[in-house]
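Student: Please take one part, the largest cavity, and examine it closely, going on from there to its surroundings. Which residues lie nearest the centre of the largest cavity, and how many line it?

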Amino acid sequence: MAGPEIKAPPMREFPTVPVMRPDAMGGLKPFIASDKIQADLNFPGAQPAENWQHTHDTAIAKMGELLGQQRALKVYMDSCVHCGACTDKCHYFIGTGDPKNMPVARQDLMRSVYRRYFTLPGKLFPKLVGARDLTPDVLDEWYSYYHQCSECRRCSVFCPYGIDTAEVTMAGREILDAVGYGQKYSNEIIGKVHKIGNNLGLPGPALRDTLEGLEEDVLEDTGIAIRYPLDQKGAEVLLITPSADFFAEPHIDSLIGYGKVFHAAGISWTLSSMASEAGNFGLFIGNQEQLLKIAMRVREAALELGVKRIVVGECGHAWRVAYSFWNTLVGIGDGAGANDPFAIQLQSQLDHRYKQPMHICELTWDLIQQGALSFDKEANDHRVITFHDSCNVARGSRMGDMPGGQFEIPRNIIRAVANHYVEMAPGTTHEQTFCCGGGGGLLTDDLLDLRVKGALPRMEALKLVTDGKGVNFMATICAICKSQFSKVLPYYGYKMGMVGGVHQLVSTAIRLGDK
Amino acid sequence: MTLFFAALFYLATAVLLIGLVFRIADYWRTPAPFLIPTTPAPTTRGGVVLRMLREVTLFESLFKANLWIWVLGWLFHVSLLLVLLRHLRYFTQPVWAWVAFLQPFGIYAGLIMVAGLAGLWLRRFTVERIRYISTFSDHLMLLLLLSIAASGLSMKFLVHTDIVAVKEFFLGLMLFDIQPLPADGLLYVHLSLVALLMLIFPFSKLLHAPGVFFSPSRNQADNPREKRHQSAWTAKLETK
């Protein structure tokens, strides 16, 4: 990309609140979706400037529609008191200093318009309450700053009313899509999911080749024939995993790990070419029809393959969608009502002795607890490991039976397969974890500057444990985190290979032969 | 003036109640199509009730966020509650025992309330980030609350008003039997500002009070796998 060279901001010795740099990121604008990309998602294409009145009316109508459909948005628009609790919590604000990246300011970009069109004081005294008309400039500002939010929900942890900026960002992007102002990266990917089956655009035959190649590699490596099956009817488990796992580094090492776990435990499993993608970018763009449509593929694959269990691989937002929304959207879960044939059709097929859906970490940890897996922990002795909690897992989902299981279970697995584990500083992990800087539909090179800056707080926490405790490996369970860190670690003087998956560690240590 | 204030309070009470009922009904009716609690979250309704109680009595999230805002905000809100309870003596005859017991605490609370509000306002000037996000109405709201407190405390500590007559006025108001209100400038100021606060409540950020109870990230149980959460809106999508 042309423009000034992208550099990491200096790490701060004592992470304090950054100095405000108004409009530091004001010009940032990810590539806009072409009319073709928009059309594939049934969104309108770019609107000519002279049609502004139409664009304006469409946007306001869409906003009204969303306010009527989503209690969260309505309550969040009304409830903020500008207390300031969230102002220093966003990694993009910390990394850029741009005050519009403070969560409250990001919300206010929309709240000001909400006040103008949907509240009495805003209609009567706009200046007094900070209300403003929707103008082309406002829409541009939305496009810029609603693509500087990774929807990580860190601010919602600290807000006294639980206001979740992610919901506001999603609504913002949904309104932008409705007026033909879509983001190329996310919308193009959703188009690929529908056309080809996954985000990376890997067609079925290529996927089959890839998996066969993988089987050969693993055989060569371990001397054991481990299967990576595709579209196997009657398998017990359907594994839904991010398509990055099929060939991206370091993702594939975790896929190898899942296969070894299934092999060692003797569980029959399969991938699906129809649903060869766990990711659901419908979440990122706040479009619930897309959210549903993408989730529906998983339901159809499960019905067609007749599987008893649905397990999800290492992917952050996909796990949020799977855990929190799949049951609502497509009935993958438990507890369908008696008059709910849609959900019953699938739920009667699933084996409810197991959690539905289940995270691969839950599956592995259950097997470890049952003594079904054994490990050479020494095989990981060259690694001093820390764990990066991924935002959607940490703040939008759960694992196991207890709240907070999403923190304990991955850590338990790491401790079970490796000897050297170190925590990063409190306040940067668990529910207060910092986003990697590339989530929420921002994992694109046209936003690289933002991604590098947004990684700052995580990099600072990492530096404390690499310098002080000798950490040389950061494990995580999210495909976006893995890709993002691989890309931005070098900007901070680290090797890209120091990030990897939890099942990469499992893969290194698991004993295969003697079971 | 008696008639003016009587009319003003009838109007303010009506706007406050009808406005709030309308807003709450609106929140209630708007679907929450997905489970979006900020996790880790309680897995049961009982757990959610406890979470909400901690949130509205201890301001748990704010405590995690920023100690200064928490101290000032919590002191202000608790003091305000005590002050409001203290004022129940103007609406009950005989005064309930626990309200009588609270009277001296209510006075201290009035002073602490002023300190809390002043601190919160000071932050709007001194902290760069908060200065940036403050709107004109944020300042006016603090000015309004401070003026109410100051005018009230002035009647307690500087120029006494005939509170027995004030009580007769409000007791009468509740029975639609208008009694004379003492002619007292400070009292007029105090009551006008209180009425103004009641009038703007349902249209302003003061909606955070009912809003917090409807915030899906706080009031939903974390049980999506165990129970199928459906709303009319998602059900409609399903059949498309």
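Tutor: What follows begins with the model itself, then turns to the cavity, and then moves outward from it.

This is a predicted model, in which local features need pLDDT of at least 70 and side-chain atom pairs count only at pLDDT 80 or more, while totals for chains, interfaces and linings use all residues. Residues are numbered from 1 along each chain as its sequence is written, chains are lettered from A and ligands numbered from 1 in the order in which they are written, and side-chain values use heavy atoms, with hydrogens and water left out.

The predictor assigns the complex an ipTM of 0.95 and a pTM of 0.96. For chain B, the mean pLDDT (the predictor's confidence in each residue, from 0 to 100) is 95, and 96% of the residues reach 70 or more. Within chain B, confidence is highest in helix H2 (residues 45-58), with a mean of 98, and lowest in helix H12 (residues 232-238), with a mean of 66. Helices (H or I, at least four residues) and strands (E, at least two) are DSSP runs, numbered from the N terminus.

Now to the cavity. On a 1 Å grid over the protein atoms alone, a cavity is a set of points where a 1.4 Å probe fits but cannot get out, a pocket is an open set with protein on both sides within 12 Å along at least five of seven lines, and lining residues have an atom within 4 Å of a point. By this rule there are six cavities of 30 Å³ or more, and the largest has a volume of about 220 Å³, where grid points are joined across faces, edges and corners and a volume is the space filled by probe spheres set on the points. Its lining consists of 19 residues, and those nearest the centre come from both chains: Gln70(A), Glu167(A) and Gln288(A), together with Phe34(B) and Ile36(B).

By class, 11 of the lining residues of the largest cavity are nonpolar, five are polar and three are charged; here Ala, Val, Leu, Ile, Met, Phe, Trp, Tyr, Cys and Pro count as nonpolar, Asp, Glu, Lys and Arg as charged, and the others, Gly among them, as polar. Four helices of chain A, namely H3 (71-79), H10 (165-178), H14 (288-305) and H15 (316-330), each supply at least two residues of this lining, and H10(A) gives the most, with three.

Helix H15(A) leads from the cavity to a sheet. The sheet is an open one of four strands, with parallel pairing, in the order E2-E1-E3-E4 of chain A, where two strands pair if DSSP finds at least two bridges between them. Strand E2 (269-270) and strand E4 (358-359) of chain A each have a single partner strand, so one side of each edge strand lacks a neighbour in the sheet. Strand E3 (residues 309-312) of chain A runs parallel to E4(A) and is joined to it by two bridges, with Val311(A) standing opposite Met358(A) of E4(A). H15(A) packs on this sheet and touches strand E1 (237-240), E3 and E4 of chain A, its direction making about 140 degrees with that of E3(A). Contact means heavy atoms within 4.5 Å, and angles run from 0 to 180 degrees between N-to-C directions, the axes being lines fitted to C-alpha atoms, for helices over the stretch in contact.

On the side of chain B, the secondary structure comes to 12 helices and zero strands, and the C-alpha trace spans about 65 × 45 × 40 Å along its principal axes. In the loop between H1 and H2 of chain B sits Pro40(B), joined to Thr39(B) by a cis peptide bond with omega of about 0 degrees.

For comparison, consider an open site, the second largest pocket, whose volume is about 670 Å³. Of its 30 lining residues, Pro121(A), Val129(A), Ile200(B), Phe203(B) and Ser204(B) are the closest to the centre. Among the elements that give two or more residues to this lining are helix H6 (120-124) of chain A and helix H7 (136-157) of chain B, and H7(B) contributes the largest share, seven residues. The lining of this pocket divides into 19 nonpolar, six polar and five charged residues.
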